[in-house]
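Thanks for sharing this one with me. Here are my notes, in numbered points, to read with the structure open beside you.

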Amino acid sequence: MSKIKSLILISLFFVIVSSCEDKVFETFEANVPIYMSFDELRSSVKSESSISIVHPGKIYFKDDYLFINEHLKGIHIIDNSDPVSPQNIGYIAIPGNVDMAIKNNILYADSYIDLVAIDISDINNISVVDREKEIFPYTLPAYDQTLRV
C-alpha cells in the first residue's frame, strides 16, 4: 500500500509541476520626474564652453552668428563669419528653452515659465539683464502615451 501511495504522490507531484506556466517578465519605460526648485531654475542660466549639438531646434541668425536651440537645454552660439567653416564658439545653458528672439543686442529666451533677457552685445561675455517670472503657463512635458505602467 505504501508503494501505491508513493506512486500516487509522485504522479501528483509531476502533474502539478508540469501544469505550472513559465513566469513572464515585461519591461516598461516611464517618465520619471526630475525636480528643480524655482531658485535653482532661475540661477542656472549661464554661459558655458561649446558643446555638441544633439537635439537642435529653432535657429536664429544675427550679424555673423547663428543661435541654435538645444531642445529644452539651451542655445548654441555658432560663428558663421566664414560660412564655409562655421565655428561652434559657445553655449548658453537655459533649462526649458525652446524659443528665442533677438532685438538689438538682447536675446529673449523662454526658460519653462519665465522669459529671460540676455545681453549678447559682447558674445564672449554674455549676461542676464532681466527675467520676467511666471509669464508662460506651467505645463507638463510631453510623454509617450503608448507606454503602459
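1. Let's begin at phenylalanine 67. Setting aside neighbours within four places in sequence, phenylalanine 67 is in contact with Lys58, Ile59, Tyr60, Lys62, Ile75, His76, Ile77, Met100, Ile102, Ile120 and Ile123. Please keep in mind throughout that this is a predicted model.

2. Which residues have the most contacts inside the largest nonpolar core? They are Phe67, Ile75, Ile92, Ile94, Leu107, Ile118 and Ile120, in a core of 15 residues. Two or more residues of this core come from each of β4, β6, β7 and β8 (114–119). As background, nonpolar side chains in soluble globular proteins tend to be buried together.

3. Now for the sheets. One is an open sheet of 5 strands, ordered β1-β5-β4-β3-β2 and paired antiparallel. Why does one side of β1 (46–48) and of β2 (56–62) lack a neighbour in the sheet? Both strands stand at the edges and have a single partner strand each, so one side stays free of a neighbour there. On average, and with direction ignored, neighbouring strands of this sheet are turned by 25° against each other.

4. It is worth following the pairing at both edges. β1 runs antiparallel to strand β5 (residues 87–93), joined to it by 3 bridges, and glutamate 48 has tyrosine 91 in β5 as its bridge partner. At the other edge, β2 pairs with strand β3 (residues 65–70) over 5 bridges, again in the antiparallel sense. Isoleucine 59 is placed opposite isoleucine 68 of β3. The hairpin of β2 and β3 has 2 residues between the strands, and aspartate 63 in this hairpin takes a positive phi near 55°.

5. Histidine 76 deserves a look of its own. This residue belongs to strand β4 (residues 74–79). Is histidine 76 buried or exposed? With a relative accessible area of 0%, histidine 76 is buried, because the cut-off for that word is under 20%. Beyond its neighbours within four places in sequence, histidine 76 contacts several residues, among them Ile53, Leu66, Phe67, Asn88 and Tyr91. A polar atom of the histidine 76 side chain lies 3.5 Å from the backbone oxygen of isoleucine 51. Leucine 66 is 10 residues away from histidine 76 along the chain, and their C-alpha atoms are separated by 7.9 Å.

6. The other sheet is open too, with 4 strands in the order β6-β7-β8-β9 and antiparallel pairing. Its edges are β6 and β9 (127–132); each has a single partner strand, so one side of each has no neighbour in the sheet. Here neighbouring strands are turned by 25° against each other on average, direction ignored. Strand β7 (residues 106–111) pairs with β6 in the antiparallel sense over 4 bridges, and leucine 107 in β7 stands opposite isoleucine 102.

7. Last, please look at asparagine 97, placed in the loop between β5 and β6 (100–103). Asparagine 97 is buried, its relative accessible area being 0%. What joins the side chains of asparagine 97 and aspartate 110? They share a polar contact of 3.0 Å. Apart from neighbours within four places in sequence, the contacts of asparagine 97 include Asn69, Glu70, His71, Leu72, Lys73, Gly74 and Ile75, as well as Ala109 and Asp110.

Terms used. Residues are numbered from 1 along each chain as its sequence is written. This is a predicted model: local features need pLDDT of at least 70, side-chain atom pairs count only at pLDDT 80 or more; totals for chains, interfaces and linings use all residues. Side-chain values use heavy atoms; hydrogens and water are left out. Two strands pair if DSSP finds at least two bridges between them. Axes are lines fitted to C-alpha atoms, for helices over the stretch in contact, and angles run from 0 to 180 degrees between N-to-C directions. Buried means under 20% relative accessible area, exposed over 50%, partly exposed in between (1.4 Å probe, protein chains only). A polar contact is a pair of N or O atoms within 3.5 Å; within protein, one must be able to donate a hydrogen and the other to accept it, and residues adjacent in sequence count only if both atoms are side-chain atoms. Contact means heavy atoms within 4.5 Å. A nonpolar core is a set of buried Ala, Val, Leu, Ile, Met, Phe, Trp, Tyr and Cys residues joined through side-chain atoms within 4.5 Å.
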